[in-house]
Amino acid sequence: MLRVMIVDDHPVVREGLRGMLEADPGITVVGEAASGDEAVVRAGELAPDVILMDLRMPDGDGVSATSRILTGRPESRVVVLTTYETDADIVRAVEAGAAGYLLKDTSRADLLAAIRSAARGETVLSPSVATRLVTRMRAPVAESLSPRETEVLSLVARGLTNAEIGRTLFISETTVKTHLLRVFGKLGVSDRTAAVTTALDRGLLTR
């Protein structure tokens with residue numbers, strides 16, 4: 001009997017997952033948590049074999065919770081179950097020790113199979129996630145942004161104009177434009193919105 005814990009900040013999601021999992025005679029849901037911090041505490045109390053972990057929650061996100069849980073209980077397997085599949089999210093989860101990364105549109109049969117695979121120590125990934133990881137590994141390593149370029153782009157992400165960025169950083173508007181052109185070239189984009197989106201996706205900027 002596999003012992004599973006569900007971590008998600010939405011009660012209706014937890015209830016749906018519980019009903020789906022407990023219909024399987026080989027799985028028992030030993031508990032739930034609604035936040036990252038609660039997940040860490042409950043994992044220590046309940047000793048689950050597999051933890052289904054949402055990524056974005058209040059009071060400690062899923063990546064942080066995964067790392068903290070596995071530090072104290074490395075024998076548990078954490079499978080991320082989320083709606084997000086950006087490169088940055090995937091890599092952070094894997095680096096934290098997650099045994100799997102699934103999307104919430106995963107079918108019941110695939111979810112159950114993934115839980116069993118994770119419990120055996122195998123890595124489980126949604127097909128689209130696996131594709132993104134392979135593509136990322138095959139792609140040439142992008143030139144990293146300089147601290148000043150990151151600073152400029154972070155202000156762009158906050159909605160500031162070039163003139164406002166110049167005043168904030170005490171540089172000329174022309175210098176701001178020069179930094180942005182370098183950013184565009186490094187990221188392979190042609191406008192501000194695409195630069196911010198790409199940088200977030202690659203983990204060069206944080207939300």
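## The whole protein

What share of the 207 residues in the protein is buried? Buried residues make up 43% of them. Keep in mind that this is a predicted model.

The protein has 10 helices and 6 strands. Its C-alpha atoms fill a box of roughly 65 × 35 × 30 Å along the principal axes. About 10,500 Å² of the protein is exposed, and carbon and sulfur atoms supply 54% of that area. Now take the contacts between residues at least 6 apart in sequence. Of these, 62% join residues at least 24 apart. Charges come next. The protein has 25 positive and 28 negative charges, and their mean positions are 4 Å apart.

## The annotated domain

UniProt has an unreviewed entry here, with the annotation "domain: Response regulatory" over residues 3-119. Over this stretch the chain is 48% helix and 22% strand. The C-alpha atoms at its two ends are 10 Å apart.

## Aspartate 54 and its contacts

The unreviewed UniProt entry also lists Asp54, under "modified residue: 4-aspartylphosphate". Where does aspartate 54 lie? Look in the loop between strand 3 and helix 3. Is aspartate 54 buried or exposed? Its relative accessibility is 5%, so aspartate 54 counts as buried, the cut-off being under 20%.

Leave out residues up to four places away in sequence, and aspartate 54 touches Val7, Asp8, Asp9, Gly62, Leu81, Thr82 and Lys104. Find Lys104 in the loop between strand 5 (100-103) and helix 5 (108-119). Lysine 104 is partly exposed, with a relative accessible area of 31%. With close sequence neighbors up to four places away again left out, lysine 104 touches Asp8, Val13, Asp54, Leu81, Thr82 and Thr83. Asp8, Leu81 and Thr82 appear among the contacts of aspartate 54 and among those of lysine 104. Follow the chain from lysine 104 to serine 126. The two are 22 residues apart along the chain, and 9.7 Å separates their C-alpha atoms.

## Helix 2: a buried side and an exposed face

Which residues of helix 2 are buried? They are Gly36, Ala39, Ala43 and Leu46. These residues cover an arc of only 95° around the axis, so they sit on the same side of helix 2. A general rule helps here. An α-helix has 3.6 residues a turn, so residues three or four places apart point the same way.

What does the buried side pack against? The buried residues of helix 2 meet strand 1 (2-7), strand 2 (27-33), strand 3 and helix 3 (62-72). The face turned away from the buried side carries the exposed residues Gly44 and Glu45. Glycine 44 has 64% relative accessibility, so it counts as exposed, the cut-off being over 50%. Compare its place with that of aspartate 110. Glycine 44 and aspartate 110 are 66 residues apart in sequence, and their C-alpha atoms are 27 Å apart in space.

## Helix 8: another one-sided pattern

Helix 8 has its own set of buried residues: Asn162, Ile165, Gly166 and Leu169. Seen down the axis, they fall within an arc of 100°, so they line one face of helix 8. Those buried residues pack against helix 7 (147-157), helix 9 and helix 10 (192-201).

## Two positive phi angles

Most residues other than glycine have a negative phi. Two exceptions are worth finding. Alanine 47 has a positive phi of about 50°, although it is not a glycine. Phenylalanine 170 is not a glycine either, and its positive phi is about 60°.

Where does each one sit? Alanine 47 comes just after helix 2, in the loop between helix 2 (36-46) and strand 3 (50-53). Phenylalanine 170 comes just after helix 8, in the loop between helix 8 (162-169) and helix 9 (173-187). Now check their surroundings. Alanine 47 is partly exposed, with a relative accessible area of 26%. Phenylalanine 170 is exposed, with a relative accessible area of 77%.

Key:
Residues are numbered from 1 along each chain as its sequence is written. This is a predicted model: local features need pLDDT of at least 70, side-chain atom pairs count only at pLDDT 80 or more; totals for chains, interfaces and linings use all residues. Side-chain values use heavy atoms; hydrogens and water are left out. UniProt positions are given in the numbering used here, feature names are shortened, and annotations may be inferred rather than shown by experiment. Helices (H or I, at least four residues) and strands (E, at least two) are DSSP runs, numbered from the N terminus. Buried means under 20% relative accessible area, exposed over 50%, partly exposed in between (1.4 Å probe, protein chains only). Contact means heavy atoms within 4.5 Å. Accessible areas come from the Shrake-Rupley method with a 1.4 Å probe; for residues, only the protein chains shown count as cover. Lys and Arg count as positive and Asp and Glu as negative; His and the chain ends are not counted. The place of a charge is taken as NZ of Lys, CZ of Arg, CG of Asp or CD of Glu. The arc is that of the directions from the helix axis to the C-beta atoms.
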